[in-house]
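I am opening a notebook on a structure that is new to me, and I want to record what I looked up and in what order.

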Amino acid sequence: MNEATRSPDEDAPALTQRLAVELTRAVLQAEKRSGRTLDRRELAGRLNVSTSSLYAYLNGTTLPGSVVFDALLDALGIPGAEAGRLATLRDEADAARRLRPTAARAQAARTPAAPTPRQLPLSHPVFVGRDAELARMDALRSPPAGHVPGGARVAVVEGTGGVGKTALALHWAHRAQTHFPDGQFYVDLRGYGDDAVVDPGEALHGFLQALGVTPAAVPTDTAVASGLLRTLLAGRRVLMVLDNARATDQVRPLLPVDSGSVAVVTSRNRLDGLVVREGALRIALDVLPRYAARTLLERQMGAERVAREPREADELVDLCARLPLALSVAAARTAAAPPGSVGALVRELRRNRRPLELFGTQDADDDLRTVFHGSYALLPPPAARLFRLLGCHPGPEIDALACAGLIGAPDPPTALLDSLTAAYLVREHTPGRYTLHDLLRLYAVELLDSGPPQERREATERMLRHYLDTARLADHHLEPWRPTAGEAPGTAAGQPPIDDRAGATGWFEAELSSLQAVIAQAAATPGLEPYAWRLADACAVHLRRSGRRAQRAAVHALARDAADRASDDAARATATRRLADALSRLHRTEEALPLLYEALRTCRRLRDDEGVREARLSLVRVHASRGDPRRALPHARLALAMAEHTGDTLALADGLTSVAQQWERLGEHTVALGHARRALDLYTRLGHLDGRAGILIGMGRAEQGLGRPDAAIGHYELSLDLDRALGDRYREAHALDHLADAHAELGRDKEATALRQEALGLFEELHHPDAEQVRARLRTAEDYPAPDSRQHSP
C-alpha cells in the first residue's frame with residue numbers, strides 16, 4: 001500500500017489495531033510454544049518499559065518505538081520473516097500517524113470514545129429466597145485471602161430448567177454492578193432449545209465491539225479474539241454474565257483474567273471443567289423452599305387473592321413442585337382471572353392426564369415442556385432411556401440398584417446416572433439415592449407414554465421383580481428361622497449385599513416409601529397384581545417390628561384389593577388375615593373380626609389347613625386385644641390341636657404360646673407356665689428369636705401372677721434384649737412397661753419410673769394409644785408412691 005492511495009484519516013488507527021491483534025497472536029503462540037503463560041511484568045522488565053506501556057502496545061492504544069518493538073519481537077522469539085512483516089506493519093502505522101497528524105486528530109475528535117458496556121438485561125421484578133446463594137456470590141466482589149493474582153473469579157450457577165438460575169445471576173449482578181465500574185457484559189449463549197447455539201467467536205465479536213473494536217478489526221480466529229479481549233480488559237474491573245452455557249468450552253474463551261473481574265455462568269449442565277481448572281464457585285440450585293414458593297405466589301398473584309384461597313395456594317405450590325418457572329406460569333394464568341381461579345387451576349391440574357400442558361406458554365423460553373426438552377434432547381440415548389423409564393417408578397426416590405432393575409442391567413448404571421445428574425434432570429440427594437421433582441417425573445411419564453407400550457410394561461415388571469427379590473432376601477434375614485419354599489434367598493446380581501438383620505432393616509427403612517408406592521402400582525396394573533400381595537407379605541415383618549401400624553394396614557389393604565382384582569381366593573384370604581392383624585394393632589377390632597371369619601371360611605373352602613390355623617391364631621390375638629381371653633382360648637386350642645396333628649415344630653410352638661397367653665390372662669398362671677416352658681424350648685431349638693421374645697414376656701407375667709417379681713424381671717430382661725436385637729420397638733416398649741411393673745412391685749420406685757418413662761417415649765414415637773395408659777400409671781406412681789422396698793425384700 002503506498003501513501004498516494006492510503007487514506008490516513010482511516011488507515012492509521014486501523015493499522016495500529018491490526019498490529020495489536022498480530023502482537024496478541026504472537027504472544028499466544030509464544031505461550032503455546034513454552035507451555036506457560038508469559039508474565040507481563042517480567043516481559044516489560046526485559047524491554048525496559050512499564051507494565052502499563054506494554055499493555056498499551058498490546059491493546060493498540062500506543063504504538064511502540066522501533067527499538068522497543070524489535071526487542072519485543074526478539075523476546076517473543078518471532079522468526080526473521082515474520083518479524084520483518086510485523087516491523088513493516090509497525091512502520092506503516094507510524095508513517096500514517098506522522099504524515100497526517102492533523103487529520104488523525106480531527107478524526108479522533110469526530111469519533112467518540114467507546115462507552116462503558118452496560119449490557120445487563122432487566123432482572124425479574126419478583127425475586128424471593130436464595131439468601132444463602134446470594135451471600136456466597138457476594139464473596140466474589142473481593143478476592144479471598146490467598147487468591148492467585150491474574151485470575152478472575154468465576155461462579156457457576158447450575159440447576160434444572162426453570163429453577164431460577166438466570167433470575168439469581170441477574171438479581172445479584174444488578175445489586176453488585178457498582179463494584180464493576182469498567183463495565184457489565186451479558187450474553188445468552190443459547191445452550192438449549194431450538195435456536196442455534198452461540199459460538200464463542202460470536203460472543204467475542206459482540207464483547208469486542210462493545211469495547212470499541214471496529215467489526216473489521218475483530219479477529220476471526222477465536223483464540224486470537226479471546227486474547228484481544230483479555231488484553232483490552234487488562235487492569236479493568238468488569239462483570240460478565242454468561243447465560244445458558246451448554247459446555248465449558250463454550251465459556252472458557254470469554255472469561256476475563258484480571259483479578260478485579262468476575263464472571264457468572266449459568267448452565268443446566270454441571271460444568272466440572274470450570275470448577276477444576278478455573279476454581280469456579282459452584283452454586284447448584286434446587287427448587288424453592290416451601291415458604292419462598294408461597295411468597296413468590298403472593299407477590300405475583302397478590303397477597304389478598306392467595307389469602308382468599310390459602311389451602312388451594314398451598315396445594316398449587318406442591319403441584320408446581322416449588323419450581324420457580326412453574327409457579328410464575330401458574331401465577332400468570334390466575335393473576336387476572338376471577339376469584340376462585342386458584343382452586344380451579346388446582347382441580348384442573350389434578351384431573352388433567354397431561355398436566356404439563358397447563359404450564360405451556362407461547363414463549364418457548366417459558367414453556368415448561370420445551371424447557372425440559374432442551375435438556376433431555378442433549379442426553380446420550382442410553383441416558384435418555386433411563387430418564388424415560390424413571391417415569392415407571394412411583395416412589396419419591398430410587399437407588400442405583402433399582403435403576404439397574406429398570407433397564408435390565410446387572411450392575412448399577414453409574415455412568416448413565418452421572419449423565420442425568422450432570423444435566424440436573426435427577427438429583428443425587430444422598431450417595432447412591434436419586435430423586436427428581438414431580439414436574440420432571442411428569443415429563444418422563446409423557447415421554448414414556450409417547451413410546452411403545454411394551455417399553456413401560458417391561459420396565460415396570462423388571463422393577464417389581466427387583467423389589468420383590470430384594471424384599472424377600474431382606475425378609476429372610478429378619479426371620480432366618482422361618483421355613484422357605486426351596487432354597488433360602490441369596491444375593492444376586494443387581495441386589496444390595498444384604499447378609500444380616502441390620503442390613504435387612506436398613507434396606508427396608510430406606511425403601512419403605514417406594515415399596516408402598518410400587519405395591520399400589522402393581523395392585524392397579526392388570527396382570528401385575530401378584531407382585532402387590534407378594535411384596536406386602538415380604539414387608540409384613542418389618543412393618544410389624546418397626547411399629548408402623550397405619551402403613552402396615554395400608555399395604556395389606558392394597559394386597560387384598562389386588563387379590564380381588566386378580567380373582568385369587570387364596571391370596572385374598574392371606575391378605576385379609578394380614579389386614580385384620582394390622583387393624584387389630586390399630587385397636588380397630590370391630591373391623592378385624594368379620595375379616596378374619598371371612599378368611600377362615602375361604603381357607604376351609606379351599607381346604608387350606610395352614611390358612612385355617614393361621615386365621616385361628618389371628619382370632620386369638622383379636623379377642624385377646626378386646627380383653628376377652630375366654631373367647632380367644634378355644635381358637636388357641638384348635639390351632640394347637642392342628643399343629644399337634646401335623647407335627648410341625650414351629651406351628652406347635654406358636655400354638656403352645658397362644659394357649660399359654662390365654663391361660664395367663666385367665667389367671668391360671670401355673671398352667672400357663674407349663675405351656676410356655678414347652679414353647680420356649682421349641683423356639684430355642686429352632687433359633688426362633690421372635691418366638692422366644694414373645695413367650696418370655698408371657699412367662700414374666702405368669703411369674704408376677706404367682707407373686708415372684710424377681711423371676712419375672714429375669715424373663716422381661718431377656719425378652720428386652722431380644723426385642724432390641726430384633727428391632728421390635730412395639731414389644732420393646734411393652735417389655736419395659738412390664739419391667740417397670742415388676743420393679744414397682746418390689747418397691748423400686750426410681751427404677752420403675754425410669755423404665756416407665758422409657759416405655760412411654762417409645763409408645764409416643766410409635767403414636768401408639770397404649771402411651772396414654774403408661775402415662776396414667778406414671779401419674780399414679782407420682783401421686784401414690786409404693787411403700788418402702790424393705791417391706792418387700794425376700
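**Entry 1, one residue.** I began with Asn244, bearing in mind that this is a predicted model, and I found that Asn244 lies in strand β3, which covers residues 239–245. I then asked whether Asn244 is buried or exposed. Asn244 has 18% relative accessibility, and because buried means under 20%, Asn244 counts as buried. Leaving aside residues up to four places away in sequence, I listed what Asn244 touches, namely Asp188, Leu189, Arg190, Gly191, Tyr192 and Thr266.

**Entry 2, a pair of helices.** Next I looked up how helix α27 (residues 569–585) and helix α28 (residues 589–605) are placed, and noted that their axes come within 8 Å and cross at roughly 155 degrees. Since angles over 145 degrees count as roughly antiparallel, α27 is roughly antiparallel to α28. I also noted that the crossing of α27 and α28 is left-handed. On the α27 side the residues that meet α28 include Asp569, Arg572, Leu579 and Leu583, while on the α28 side I wrote down, among them, Glu591, Leu595, Leu596 and Arg605. Sorted by class, this contact of α27 with α28 has 9 nonpolar, 4 polar and 6 charged residues.

**Entry 3, confidence.** Finally I checked the pLDDT, whose mean over the chain is 87, with 91% of the residues reaching 70 or more. Over residues 101–111 the pLDDT is below 50, and this stretch has 4 contacts in the model beyond near neighbours in sequence. I marked residues 787–794 as well, where pLDDT stays under 50 and the model has 7 contacts beyond four places in sequence.

How values were computed. Residues numbered from 1 in each chain as written. Predicted model: local features only at pLDDT ≥ 70, side-chain atom pairs only at ≥ 80, totals over all residues. Heavy atoms only, no water. Helix = DSSP H or I, 4+ residues; strand = E, 2+ residues; numbered from the N terminus. Buried < 20%, exposed > 50% of the residue type's maximum accessible area, 1.4 Å probe, protein only. Contact = heavy atoms within 4.5 Å. Axes fitted to C-alpha atoms, helices over the stretch in contact; angles between N-to-C directions. Parallel < 35°, antiparallel > 145°, perpendicular 65-115°, else oblique. Left-handed = near helix turned anticlockwise from the far one by under 90°. Nonpolar A, V, L, I, M, F, W, Y, C, P; charged D, E, K, R; others polar. pLDDT = per-residue confidence, 0-100.
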